[in-house]
Amino acid sequence: MIIGGSSGIGFELARRAAATGADVVITSRDKDRADAAAAEIGGPTRGLAINLAEPTTIADSLADITEVDNLVITAIEQTANTLHGLDIEAAVRAVTIKLVGYAEVVRALSNRLNEGASVVLFGGLAKERPYPGSTMVTAFNGGVSGLMRTLAVEIKPHRVNAIHPGVVGDTVKWRDVTDHPAIARTPIGRFVTMAEVADATEFLLRNNGMNAHDLVIDGGWLVS
């Protein structure tokens, strides 16, 4: 199950999982969008509408899910927000989605996780490298690390990990950018790709020794 799987990295993960023959459920806030993405992937993939900004509705939205082998939560609302220009409504919504919403999804599905099931939460490297406008993004991505650790204790023996991508170069936002200063500061000479982030996520899901771990995938950007 991929929460936020109708586009971007979530869609790439869903596509790869479906190609192995897995039954995949992807979600979006909009049911039509989730259904369209599921149809594009094909096979038994199906779409589901979930709004993480309204945590009290999440359990009911997941009522038809009877069992889960693996759970990935990628959903985000990444609105620029600075301290001195703080949009409180946007800040509350962003934190609700990323922390309260993530926690409620795991809680609601915790009694439906199959033996050996694991969870991967998506954070991001803004937690380590703030930028103008990242006030809330930096805060909630740091919070993802704390949430991951407590969930690993609360739903044991199921494993919970977090992945923190750097700039992902082939997403819609970045695929036409070729001269960003961060590229020169990245030892591999480019941004990471969605396929690389998806592969790292699959590693966290399948490797039984990985638990309560923050995995950074940034091409060496943090050590440059």
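Let's start with Arg-149 and Asp-214, which form a salt bridge with their closest N and O atoms 2.9 Å apart. Arg-149 sits in helix 5 and Asp-214 in strand 7, residues 214-217, so the pair ties together parts that are 65 residues apart in sequence. The two partners are covered to different degrees: Arg-149 is partly exposed at 43% relative accessibility, whereas Asp-214 is buried, with a relative accessible area of 18%. Please keep in mind, everyone, that what you see above is a predicted model.

How many salt bridges does a search of the whole structure find? The search gives 11. Let me take you through two others. In one, Arg-15 pairs with Glu-12, and the closest N and O atoms are 2.8 Å apart. Both residues belong to helix 1, and because they are three residues apart, about one helical turn separates them. Arg-15 is partly exposed, at 39% relative accessible area, while Glu-12 is buried, at 13%.

The other one is Asp-199 with Arg-16, where the closest N and O atoms are 3.8 Å apart. Here Asp-199 comes from helix 7 and Arg-16 from helix 1, so this contact ties together parts that are 183 residues apart in sequence. Asp-199 is partly exposed, with a relative accessible area of 40%. And these contacts link up: through shared partners, Glu-12, Arg-15, Arg-16, Asp-199 and Glu-202 are joined into one network of salt bridges.

Now, on to the pockets. The largest pocket has a volume of about 1500 Å³. Its lining counts 50 residues, and the ones nearest the centre are Thr-74, Ile-76, Gln-78, Thr-171 and Lys-173. Which elements each supply at least two residues of that lining? They are helix 1 (8-19), strand 2 (25-28), helix 4 (88-109) and helix 5 (135-154). Helix 1 gives the largest share, three residues. By class, the lining of the largest pocket holds 23 nonpolar, 18 polar and nine charged residues.

The second largest pocket has a volume of about 660 Å³. It is lined by 24 residues, with Met-1, Ala-22, Asp-23, Asp-69 and Asn-70 closest to its centre. Helix 1 turns up again here, giving two or more residues to this lining, as do strand 4 (68-73) and helix 7 (194-206). This time the largest share comes from strand 4, with five residues. The lining of the second largest pocket divides into 13 nonpolar, four polar and seven charged residues.

Let's go inside for a moment. There are two cavities of 30 Å³ or more in the structure. The largest cavity has a volume of about 40 Å³. Around it you'll find Gly-166, Val-167, Ala-182, Thr-186, Phe-191, Val-192, Asp-218 and Trp-221, which split into five nonpolar, two polar and one charged.

The second largest cavity also comes out at about 40 Å³. Its lining includes Glu-77, Gln-78, Ala-94, Met-136 and Phe-140. Helix 4 and helix 5 are the elements that give two or more residues to this lining. Gln-78 is worth a second look, as this residue lines the second largest cavity and is also among those nearest the centre of the largest pocket. By class, the second largest cavity is lined by six nonpolar, three polar and one charged residues.

Back out on the surface, Leu-86, Ile-88 and Val-92 form a nonpolar patch, and together they have about 280 Å² of accessible area. Leu-86 is in the loop between strand 4 and helix 4. With a relative accessible area of 37%, Leu-86 is partly exposed; that fits the patch, because its members need over 30%.

Last topic: the backbone. Most residues other than glycine have a negative phi, and most peptide bonds are trans. So here are two spots for you to check on screen. The peptide bond from Lys-156 to Pro-157 is cis, with omega near 10°. You'll find Pro-157 in the loop between helix 5 and strand 6 (159-165). Then there is Ala-212, which has a positive phi of about 55° without being a glycine. Ala-212 lies in the loop between helix 7 and strand 7, and is partly exposed, with a relative accessible area of 32%. Thanks, everyone!

Notes:
Residues numbered from 1 in each chain as written. Predicted model: local features only at pLDDT ≥ 70, side-chain atom pairs only at ≥ 80, totals over all residues. Heavy atoms only, no water. 1 Å grid on protein atoms, 1.4 Å probe; cavity = no way out; pocket = protein on both sides within 12 Å on 5 of 7 lines; lining within 4 Å. Points joined across faces, edges and corners; volume = space filled by probe spheres on them. Helix = DSSP H or I, 4+ residues; strand = E, 2+ residues; numbered from the N terminus. Nonpolar A, V, L, I, M, F, W, Y, C, P; charged D, E, K, R; others polar. Patch = residues over 30% accessible without salt bridge, like charges linked within 9 Å, V, L, I, M, F, W, Y side chains within 5 Å. Areas by Shrake-Rupley, 256 points an atom, 1.4 Å probe, with all protein chains shown as cover. Salt bridge = Lys/Arg side-chain N within 4 Å of Asp/Glu carboxyl O. Buried < 20%, exposed > 50% of the residue type's maximum accessible area, 1.4 Å probe, protein only.
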